[in-house]
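Subject: Structure handover

Hello,

Here is the structure we discussed. The file comes first, and my notes on it follow.

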Amino acid sequence: MAEQRMSLNVRVRLSAMMFFQYAIHAVWIIQMAAYLDGVLNCTGRQTSGVLNAVPLGALLAPIFVGMVADRFFAGEKVLALLNLVGAALLVWASTVQDPWLLFAALLVQQLLYMPTWAITNSIAIANCQDTEKDLPGIRVWGSIGWVATALFGIVSTKLLNVQWDGTHLPLLGAAALSVVAGLFAFALPHTPPPAAGKKAAVADILGLKALALMKNPSFAVFIVVSLVAMIPFAAYWSFFSLYLSSLGTGIITGTMHLGQFIEIFVMWLLLPIALKKVGVKWTLVLGVAILGLRYLMFMFADGEEMMFLNYGGILVHGFIFSFFFITGYIYADRVAPKEIRAQAQGLIMLVTFGAGMLLGNWINGEIVDANAIVGERVAAGHTLPAAVPAEATLGIEGAKAADSVAYSRALSDDEISLLVAEQQKKDILVERLKREFGDRADLAKGKISDPAEAKAFTFSTWLTLPKPKEGEEAKPLSGAILKIGEGENALQLGLEGGRLSLQAGKAKMTQISPIAAGERVHVAGSFDGETLKLYSGGKLYKRWHWRTVWTYPAAISGALLLLMLLFFKVPPAKKEPTA
C-alpha cells in the first residue's frame, strides 16, 4: 500500500494556524511588566497580580477543553469564536488604566485564549497522516510565530519612530493578530469534536490520577523541583522586561525573543544529542544548572556595566526550556504507565505553568517591591525653596515650562497623576483618582504664592522641548530647565542627554528614558522633609537593587540542583511490547 502523505495545502494551513496562534500571546506578554510599571505605575505586587491572569487561564483551560470543546463543537469553529471574542477583550484591555480592571480583562481573555493551544494541537493531530512525522514540522511554526513578533517592535521603533514596547500598542497588536487568527480559522480543515459521546471526569482532564506517581520518590522530587523552579523561571519570564526597561532598552520584546530564536535550534539539534549522550537525568540537571547560571550572569552584569552578560542570560533561555521543561515531559512519559501517560503530561503542565507560575509571579513581585528605591534621601536639615515661576524661558533654547505651580506639601503619587490626567482629559483616570483621595479643590489650598522656604514642597510644570530645525537631525538635549532658589538650597531640574535630572544638594536623580524632541511632558518634584522624588508624565522615578533581586532565583536554582543530584534517579527506558 502506498504511503499516505499530508497534502501541501493542508500543511500550509495548519502551519499558518500555529504561527498566528502563538504570535497572539508573544506580542504582548513579554513586555507587560515594563508597560505596567511605565504607564500604569504599578508596584511589583500589582504587576504579579495582573500577570497571574495567564497561569489562572492555564489552570482552567483544560477543564474547558476537556468538558466542552472536545465534546460538542468542531475545533475550527471553537477556535474562530475564542479568537474573535478575545480580540475584543484585548482592545478593551489596551484602554484600561486601573490595574485590577486590567487583570479582569486579561483573565477573561486568557480563559478564552489558553484553551486554543490544546485546540490547535487537536486540529493538527486530527489532520496528520503520520503524527510523529508531520506534527513537529507543523508545531515549530508556533515557535517561529513567537519569534516573528519581534518585528512589531523593530519596525515601529526603527522605521516609524513610534515606541512599541512598554506601551498599550502590543495589546492592540495582539488584538489584530487575534482577528486574523479568528477569521483564518474558518479556512481550516473541518475537525469534528474528538471526544464526542465519551464520558468526562475532571480528575482525568486535570491529570489528577497521575498523583499516584508521587509514591515514586524520584517522581516526587521531580514534581517539587518543577514547582519551585518556576520561581526563578518567572523572575525572567514576568519581570525581565522591567529590568530591561530600567536599563533604557527600547526594543524589549525583540531583545528577549533572541532566547526563543535559540530555542528552536536547541530543540531541533542539541536536545536529541544531549538525551543520547548523557541521558534524561543529566539533561534535566543541566537544565537546572543553566537556570542558575542565567541569574549569576545577571548578578555580575550589574545593570549596564557588563551588558554582554545580560545577553548571555537571554540566549540560554532555549537551553533551559528544552533541557528542563521538554525533557521533563519525556521523563514523565518514561515513568508513567501507558494508561495514565497523558494525565502525567497534564499534571506537569498544571504544576509548572499553572500553580508554579502563580507562585513564581507572587514571590518575585514581593522581591521586586522589596528592592525598589523610590526617590533620594536629602541631607538632614536641608530645606527646599517653595516658589516656582508660572511661565519660564529655559536654559535650553526653544524649551519652555508653562502652567507651573508650587505646593507647600508633598503631594501623593495619585495627586500628581491627577494633575497630568486632568490636563490630558483622561476622564476615567480623573474620576478614579478623585474617588480615592478627594476633589481637586483640596490641592489648591496648598498652593504657594509667596517665595518662602518650606520643610515640604512640590512643584509641577509642563515642559515642552524644541523640535529640531528642518533638515537637522534630532539630538539629545542637555542643559538647565528650572533653578528654584540659590546656593546649596537650590533645586535644579535639567536635562542630561535628553534625560530628566533633578538635584538638591548631593541628592540627584536621572531618569533612564530620554524625552523626545518636540514632546510636551508633565514634570513634578516633591520633598517631604526627607526624600526627594521625581515624576515624569505622572510616573514616579524608581530604580531597583537588581543584583539583590537576581540573588534569590540564583540561590533557589542552586538548591534545586543539589536536590536533583542527591535524590533524583531515572529508570532505564522501557521498550514497548510489539504485537
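Leaving aside neighbours within four places in sequence, which residues is F300 in contact with? Before the reply, please note that this is a predicted model. Once those neighbours are set aside, F300 touches M306, L309 and R547. The last of these is far along the chain: F300 and R547 are 247 residues apart in sequence, with 7.5 Å between their C-alpha atoms. F300 belongs to helix α14. Its relative accessible area is 49%, and because the partly exposed class runs from 20% to 50%, F300 is partly exposed.

Overall picture

The protein chain contains 21 helices and 15 strands. It has 579 residues, and 52% of them are buried. Of the contacts in the chain with a separation of 6 or more, 78% are between residues 24 or more positions apart.

Helices α14 and α16

Helix α14 covers residues 279-301, which is 23 residues. At 1.5 Å a residue it should span 33 Å, and its end C-alpha atoms are 32 Å apart, so the two values agree. Following α14 is D302, which has a positive phi near 50°.

Helix α16 takes in residues 317-335, a run of 19. From first C-alpha to last it reaches 26 Å, close to the 27 Å expected at 1.5 Å a residue. α16 also has a kink of about 30°, with its centre on G328.

Helix α1 and I24

Helix α1 runs over residues 8-29, 22 residues in total. The span expected at 1.5 Å a residue is 32 Å, and the end C-alpha atoms are 32 Å apart, so expectation and model agree. A kink of about 25° is present in α1, centred on A23.

I24 is also in α1. Is I24 buried or exposed? Its relative accessible area is 0%, and the cut-off for buried is under 20%, so I24 is buried. Apart from neighbours within four places in sequence, I24 makes contact with N83, L90, Y113, A174, L177, S178 and A181. A further distance to check is that from I24 to W146: the two are 122 residues apart along the chain, and their C-alpha atoms are separated by 8.1 Å.

Packing of α13 on α15

Helix α13 (residues 252-277) and helix α15 (residues 307-315) have axes that come within 7 Å of each other and cross at roughly 45°. An angle of that kind lies between the roughly parallel limit of 35 degrees and the roughly perpendicular range that starts at 65, so α13 is oblique to α15. On the α13 side the contact is made by T255, M256, L258, G259 and I262, and on the α15 side by Y311, I314 and L315. By type, the residues of this contact comprise 6 nonpolar and 2 polar, with no charged ones.

On the spacing of such residues along a helix: an α-helix has 3.6 residues a turn, so positions three or four places apart point the same way.

Strand β9

L495 sits in strand β9, residues 491-496. With a relative accessibility of 2%, L495 counts as buried. The C-alpha atoms of L495 and Q511 are 9.5 Å apart, for a sequence separation of 16 residues.

Regards

Notes:
Residues are numbered from 1 along each chain as its sequence is written. This is a predicted model: local features need pLDDT of at least 70, side-chain atom pairs count only at pLDDT 80 or more; totals for chains, interfaces and linings use all residues. Side-chain values use heavy atoms; hydrogens and water are left out. Helices (H or I, at least four residues) and strands (E, at least two) are DSSP runs, numbered from the N terminus. The expected span of a helix is 1.5 Å times one less than its number of residues. The bend at a residue is the angle between axes fitted to the seven residues ending there and the seven starting there. Axes are lines fitted to C-alpha atoms, for helices over the stretch in contact, and angles run from 0 to 180 degrees between N-to-C directions. Angles under 35 degrees count as roughly parallel, over 145 as roughly antiparallel, 65 to 115 as roughly perpendicular and the rest as oblique. Contact means heavy atoms within 4.5 Å. Ala, Val, Leu, Ile, Met, Phe, Trp, Tyr, Cys and Pro count as nonpolar, Asp, Glu, Lys and Arg as charged, and the others, Gly among them, as polar. Buried means under 20% relative accessible area, exposed over 50%, partly exposed in between (1.4 Å probe, protein chains only).
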